[in-house]
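Reader: I have a structure to look at and would like to work through it step by step. May I ask about it piece by piece?

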Amino acid sequence: MSVGSSANVICQCDLKAIANRAICCAATLGGMGDVPQTVIEGLKRGLARRCPACGRAPLFAGYLKIWPVCAVCGEENGRHRVDDAASYFTVLLAGHVVVAPALAIETFWTMPLWLATFLLLAMVVAATLLALPFVKGGVLGVLSALSARRGEKEDGGGTP
Ligand SMILES: [Zn+2]
């Protein structure tokens with residue numbers, strides 16, 4: 001959606017809503033609704049914790065809280081229901097990260113059981129907390145790309 005010509009850009013964004021983020025409107029940065037073209041692109045943008053539609057604005061307002069609306073492109077990222085998918089993939093990832101060290105500890109080192117348990121639990125907690133925002137962003141990016149593709153099909157295949 002074009003807001004204005006490049007020579008005469010008209011700002012239509014709510015400056016009060018984005019004043020704290022120091023980001024100008026979508027007209028200045030090149031358009032609104034720049035949805036990811038492919039699932040891979042959406043996944044990359046989400047894993048980078050950027051808006052999956054434009055890739056310019058941060059996706060998260062906090063550790064796991066998503067900005068409901070992107071301040072740059074206006075995409076409603078809050079409408080995508082990530083639910084338990086991010087948790088599921090994070091546990092799957094963290095489990096695989098911990099299994100190899102657990103086997104190595106069992107094979108190569110002799111240490112008390114309480115110490116091995118403490119180390120493995122610490123690794124599970126750290127891996128989970130580190131990975132969860134990235135995985136949640138990735139899941140949201142894929143959902144955004146799939147939603148955009150479904151929208152194109154419903155609109156008639158993206159006719160010009
Ligand atoms: Zn955006």
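Reader: In which loop is R49 found?

Author: Keep in mind that this model is predicted. Helix α3 covers 39-47 and helix α4 covers 85-108. R49 is found in the loop between α3 and α4.

Reader: What is the phi of R49, and what kind of value is that?

Author: Most residues other than glycine have a negative phi. R49 is not a glycine, yet its phi is positive. The value is about 60 degrees.

Reader: Is D83 buried or exposed?

Author: D83 is found in the loop between α3 and α4. Its phi is also positive, near 50 degrees, and D83 is not a glycine. A residue with 12 or fewer other C-beta atoms within 10 Å counts as exposed. D83 has 9, so D83 is exposed.

Reader: And how does R49 count by its C-beta neighbours?

Author: The cut-offs are 20 or more for buried and 12 or fewer for exposed. R49 has 17 C-beta neighbours inside 10 Å, so R49 counts as partly exposed.

Reader: How far apart are the end C-alpha atoms of α4?

Author: Start with the expected span. The 24 residues of α4, at 1.5 Å a residue, should span 34 Å. The model agrees with that, as the end C-alpha atoms are apart by 35 Å.

Reader: Which residues of α4 are buried?

Author: An α-helix has 3.6 residues a turn, so residues three or four places apart point the same way. Now look along α4 for its buried residues. They are A86, T90 and A94.

Reader: Which residues does the UniProt annotation "transmembrane region" cover?

Author: The annotation comes from an unreviewed entry. In the model, residues 85-105 are 100% helix and 0% strand. Residues 111-135 are 92% helix and 0% strand. The annotation covers residues 85-105 and 111-135.

Reader: Which helix gives the largest share of the largest nonpolar core?

Author: The largest nonpolar core has 19 residues. Among those with the most contacts inside it are C51, C54, C70 and V139. The largest share of this core is seven residues, and it comes from α5.

Reader: What is C70 in contact with?

Author: Leave aside its neighbours within four places in sequence. The contacts of C70 are then C51, A53, C54, A57, E75 and N77.

Reader: What separates the C-alpha atoms of S144 and H80?

Author: S144 is in helix α5, residues 113-154. S144 is buried, because 27 other C-beta atoms lie within 10 Å. H80 is 64 residues apart from S144 along the chain. Their C-alpha atoms are separated by 6.9 Å.

Methods. Residues numbered from 1 in each chain as written. Predicted model: local features only at pLDDT ≥ 70, side-chain atom pairs only at ≥ 80, totals over all residues. Helix = DSSP H or I, 4+ residues; strand = E, 2+ residues; numbered from the N terminus. UniProt positions renumbered as here; feature names shortened; annotations may be inferred. Core = buried A, V, L, I, M, F, W, Y, C linked by C-beta atoms within 7 Å. Contact = placed C-beta atoms within 7 Å. Expected span 1.5 Å × (residues − 1).
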